[in-house]
Amino acid sequence: FGSGIVDGVTGVVTQPVKGAKSGGFFGALKGVGKGVIGVVAKPTSGLADMVSPSLAGIEAEISGQKEQQRVRNPRFIPHTGAVRPFNDQLADGLQWMHTE
């Protein structure tokens, strides 16, 4: 939420500057519009992101849903970023390494 406010306020300054660099006077005007919209949209988005998990938890409690259980451990993805077919042994090892 806090970063949304900061991003929104700084966008009022940074968006017109970016617009002026790329499109001159009309680009600056377009940037002012983006900055003004960002002042409202970014904090609103941050507030929604903050409240959403809480509301999901309240909904689950009211409806009597139980917490979902994991079917399998998360996929191991090496430092190269290559996604390979799921491997139970690698996933179990990864889970074992991250268990406290």
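# Report on a predicted two-helix model

D49 is found in helix α1, where a helix is a DSSP run of H or I with at least four residues and a strand is a run of E with at least two, both numbered from the N terminus. This is a predicted model, in which local features need pLDDT of at least 70 and side-chain atom pairs count only at pLDDT 80 or more, while totals for chains, interfaces and linings use all residues. Residues are numbered from 1 along each chain as its sequence is written, and side-chain values use heavy atoms, with hydrogens and water left out.

## Overall form

The protein has two helices and zero strands. Helix α1 covers residues 2-63 and helix α2 covers residues 88-98, with a loop between them. Along its principal axes, the C-alpha trace of the protein spans about 60 × 45 × 25 Å. The radius of gyration of the protein is 22 Å, whereas a compact globule of 100 residues would have a value near 13 Å (taken over C-alpha atoms; the globule rule is 2.2 Å times the number of residues to the power 0.38).

How much of the protein counts as buried? Of its 100 residues, 14% do (buried means under 20% relative accessible area, exposed over 50% and partly exposed in between, with a 1.4 Å probe and protein chains only). The accessible surface of the protein comes to about 8200 Å², and carbon and sulfur atoms hold 62% of that surface (Shrake-Rupley method, 1.4 Å probe; for residues, only the protein chains shown count as cover).

Contacts (heavy atoms within 4.5 Å) can also be sorted by sequence separation. Among the contacts in the protein with a separation of 6 or more, 32% are between residues 24 or more positions apart.

## Residues in helix α1

D49 counts as exposed because its relative accessibility is 57%. V51 also lies in helix α1, and V51 counts as partly exposed because its relative accessibility is 33%.

The place of T10 is in helix α1. T10 has 39% relative accessibility and therefore counts as partly exposed. S45 is found in helix α1 too. With 39% relative accessibility, S45 is likewise partly exposed.

## An aromatic pair

How many aromatic pairs does a search of the whole structure find? The search finds one. The pair is formed by F25 and F26, whose rings are 5.5 Å apart centre to centre, with 75° between their planes; this arrangement is edge-to-face (rings of Phe, Tyr and Trp, its six-membered ring, pair if their centres lie within 6.5 Å; planes under 30 degrees apart are stacked, over 60 edge-to-face and the rest tilted). Both F25 and F26 are exposed.

## A residue in the loop

V83 is found in the loop between α1 and α2. Is V83 buried or exposed? V83 is exposed, because its relative accessible area is 59%. Leaving aside residues up to four places away in sequence, V83 touches R75 and I77.

## Distances along the chain and in space

The table sets sequence separation beside the C-alpha to C-alpha distance for four pairs of residues.

| Pair | Apart in sequence | Apart in space |
|---|---|---|
| D49 and G38 | eleven residues | 16 Å |
| T10 and G27 | 17 residues | 17 Å |
| V83 and I37 | 46 residues | 38 Å |
| S45 and D92 | 47 residues | 37 Å |

In this table, the partner of loop residue V83 is I37, 38 Å away from V83 in space. The partner of S45, a residue of helix α1, is D92, and the two C-alpha atoms are 37 Å apart.
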